[in-house]
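Here's a quick tour of the model, meant to be read with the viewer open. Domains come before the core.

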Amino acid sequence: MVEVNLWSGLRSLTGGKQVVEVEASTVGEVLSGLVKAYPQLKGPIDAGVSVAVDGRIIASGLTEPVSADSEVYLMQRLKGG
Amino acid sequence: MSKIHVTTTVNGDETEFLCDPRETLLDVLRDRLNLTGAKEGCGTGDCGACSVTIDGRLVCSCLVLGAEAEGKEIATVEGIAEGDTLHPLQRKFIEHAALQCGICTPGILVAAKSLLEKNPNPTETEVRYWLAGNLCRCTGYDKIIRAVMDAATEMREAS
Amino acid sequence: MALDDRKSDFTFVGTRPDRPDGLDKVTGRAKFGADAVAPGMLFGAIVRSPHAHARIVKIDTSKAEAMKGVKAVVTRADFATGLTGEFWNVQENVMAGDTALYDGHAVAAVAATSALDARDAAKLIEVEYEVLPHVTDVDKAMAADAPVIRDGTADGSVPEGMHPNVVRYHESGHGDVAAGFAEADLVIEDSFKTEATHQGYIEPHACLASLGADGKGELWCTTQGHWYAQKHCAALLGIETSQLRVTASEIGGGFGGKTTVFIEPVALALSRKANRPVKLVMSRSEVLRATGPTSSTSMDVKIGMKKDGTITAAEGVFRLQGGAFPGAPMEFTAMCAFAPYALENVRQVGYDVIANRPKQAAYRAPGSPMAAFAVESVIDLLCQELDLDPVEVRLKNASKKGTKASYGPRFDDIGLVECLEAARDHPHYSAPLEQGQGRGISCGFWFNHGGETSVSLALSEDGTVQVSVGTPDIGGSRASMALMASETLGIPYENIRVTIADTATLGYNDVSHGSRVTYASGLATIKAAQAAIAEMCKRAAAKWGIPEDAVKWEDGCAVPSGPNAGDFEPLAMADITADMGATGGPISGHFEATPEGAGVSFGVHIVDAQVDPETGKTSIPRYTVIQDAGKAVHPAYVEGQFQGGAAQGIGWALNEEYIYGEDGRLQNAVFLDYRIPVASDLPMIDTVIVEVPNPGHPYGVRGVGETGIVPPLAAIANAVSRAAGVRMHELPMSPPRILAALKADG
């Protein structure tokens, strides 16, 4: 299981949890696992998220690997000027 | 509306064109004479991207009517280099990385050339005030000022 | 070369050669957006709403259509229907539907045989409006009595009970801020506001569009991202993406403002209707009224500090108004706000608020400069109250590798401490101040971005190289690409030509934004060159009759390597390319991927301000920018980014603002009144390039384009507040605001 840290604004969609566990070996599986466990997360995830894995912010790559000891943070999708 | 026939000299070449009385010199240069080096950044004389000289006087060509070019000598950025030899200002702008996007560059080169013809040895402050009518949004002006000062030095040493 | 074998000894990277497009740009021959022509070309003009908020009752185009020379008139009815999500928002912004949502909102457009006729015809289009109540201020738009602008826009993130104009909500952080504040020796809470500013690129939006009834089209436009333009124009016109070829012109500045489309879909719609090419160019006033300025903000920041300067807790609430559409970058404002500091207790909240203003667009590190203004002002107040040195306090709390960022994850290699040490040791920081002067500093943070990237690198028979990249060159990136290609291939910089390819000749590329170009297109160029090298080594191995892995690439040549390779004269690139057609065919290298190692960026600015108490005017006698570039590929253009960011920040801090009247109309839609810094306003801007390599790039590059605009607002506010002896809470710090603050202070 991978521990996924959500931004606290999402707590209202996960029954108050800010850290949730999902079965995943890639960023894509993290996202699909989140939606499966908490269907209400589909909205914010579809709106665009980045996933930070061990400090590296992955803006779109669903195939990037994660493991049980990875530090995983869900973040809002990054873009710039 | 009937058009006006104008005979003028642009970068040393005698030129004729027909223009609407409402067309600016900038419109004429860009749309009728295909000299698109002068740029329209504002159309109100605030940005200097359209700078040209008329009989040696620096103007914003967006504030001059095309019909006013009659009998005048117009100089634009396209006439600054002599053949394949760049003007020292042009060379120094490339050397000093004095442009990023380059949209303001033609106007600034025309204005800077006009300054150095009047004042071959300007101070930094004089360069800054002379170019205060030419907006650049990319560079913060630092490298532009250095390029103009360096070109002035080179031109003084060469003369 | 794997990403972890990072190169550190360079031959070409780090030098300052002339840029490849320099000659074109100093002679006037470079072709920008408005410089293109086509046979049979028409000129377009757009009719815009004079009202901040109005229902469109009726549009009568008959008089315009009857005018001689008019070939097409379009309204919303000429665009695709049934769009959703961001496509729908962009379409609503490009051409109003039922309602005009801001002063300047497009409602119709016309194409005619001359620009003057098009302008005249636009005046003949009669629009009947039912004027609705409007709101333009962020705090007023959130108030209970504010008019509802677009009911139902809010998404599920917004807490119950908020006004419908609050459309998105963000909250993040960690620890226990209440406990943290209880540990502090001093807690300061203060409120700040910033007005919207515009990117102020000197080149207005311009395009030349050609679209036939067969759904095939060509678009030439000034843009930061022509694939974005392709995708959005195709959606808005209801055509297939691949049938629209988009070519990016030379771009006369963007800074984020050209990351979306405004006039391009309109020109295409006019062209389709007239069946002729249409050129459409915005006036400056259209640029200011109807493209994408920044958000305006209202912010509350609370920070607790111990007497020794340790920050115990920090909390911020950031309200961003982003026009009549969702998307104000409040989550970036929130996430960037406290990123420079290692905090055990931190909480940040963001509100995305809609109002009757144009749809905000990105502007260099979108959302971050405002946050820095509020946060770094409060830190400066704490330093003043506790009599602490501003750089030492920041060093004491600075984020470093392994720090848990305020936005969640842990930092990898970052250069904030190095930047702060460079600031502390810089002669500027210890130089004496004159009477009436104050000195301010600020840190700044930005995420940086990777993004979808395709690069193709083709070898010519004479051993020279053409590199096709898909990221428009805003500030000299072709020079950086050529340097990285020459470094990888070991051939001279001059032997490489870099072109910005159109959408038909290269795979998809994300926009030139997020400080991503030198990082991502650079990485892609290096990888493409490595692929070409692998193929050249293969050809050399075949020629020599030895295994492929017994050939290595050194200084632009294939050389035998290893004990069994044999003894052969090195084969130079030109020797291999000369007969490549006969040895296996043309040689190219390419790269298509989404690099995900952009590496975040920090900077520190030092600024001196002189305030005239009689007039309230501020001058800037000295300015120093210190920023981590990872590895500066072309240092002159890195310095240029630092200086340009500082100059824009000076304008934002002191002078630039969107001024709306009571009628909801923009009052200062020309450069005379929206006054950006001119040469005589600014000093030379000193730069220090710090290089802490980014582990996610083979040469250690991290983007430098955006971070430079983050610290100036705060650094200047701190300098002005110290010079004037009164804390400034609102940007811009224009002379009237400074005089008012001085008067209020007595």
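## Domains, core and a buried helix

In chain B, the centres of domain 1 and domain 2, taken over C-alpha atoms, are 22 Å apart. Their bounds come from an automatic or database domain assignment.

A word on ground rules: this is a predicted model, where local features need pLDDT of at least 70, side-chain atom pairs count only at pLDDT 80 or more, and totals for chains, interfaces and linings use all residues. Residues are numbered from 1 along each chain as its sequence is written, while chains are lettered from A and ligands numbered from 1 in the order in which they are written.

As for confidence, the complex gets an ipTM of 0.98 and a pTM of 0.97 from the predictor. Chain C averages a pLDDT of 97, with 99% of the residues at 70 or above; pLDDT is the predictor's confidence in each residue, from 0 to 100.

Here are the two domain pairs side by side.

| Chain | Domain 1 | Domain 2 |
|---|---|---|
| B | residues 4-79 | residues 88-158 |
| C | residues 22-30 + 450-593 | residues 367-448 + 599-745 |

In chain C, the C-alpha centres of domain 1 and domain 2 lie 38 Å apart. The contact there takes 14 residues from domain 1 of chain C and 17 residues from domain 2 of chain C, contact meaning C-beta atoms, placed from the backbone, within 7 Å. On the domain 1 side, α16(C) gives the most, with 5 residues. That side divides into 6 nonpolar, 7 polar and 1 charged residues. Nonpolar covers Ala, Val, Leu, Ile, Met, Phe, Trp, Tyr, Cys and Pro, charged covers Asp, Glu, Lys and Arg, and the others, Gly among them, are polar.

Now the inside. The largest nonpolar core (buried Ala, Val, Leu, Ile, Met, Phe, Trp, Tyr and Cys residues joined through C-beta atoms within 7 Å) has 330 residues. V30(A), V110(C), V266(C) and I716(C) have the most contacts inside it. Helix α16 of chain C (residues 517-544) supplies the largest share of this core, 13 residues. Helices are DSSP runs of H or I with at least four residues, strands are E runs of at least two, and both are numbered from the N terminus.

Why is helix α10 (residues 330-337) of chain C largely enclosed by the rest of the structure? Because 8 of its 8 residues are buried, that is, 20 or more other C-beta atoms lie within 10 Å of a residue's own, with C-beta atoms placed from the backbone. The buried residues of α10(C) pack against elements including β5 (72-76) of chain A and α11 (368-386) of chain C.

Note on methods:
A residue is buried if 20 or more other C-beta atoms lie within 10 Å of its own, exposed if 12 or fewer, and partly exposed in between; C-beta atoms are placed from the backbone. Two residues are in contact if their C-beta atoms, placed from the backbone, lie within 7 Å.
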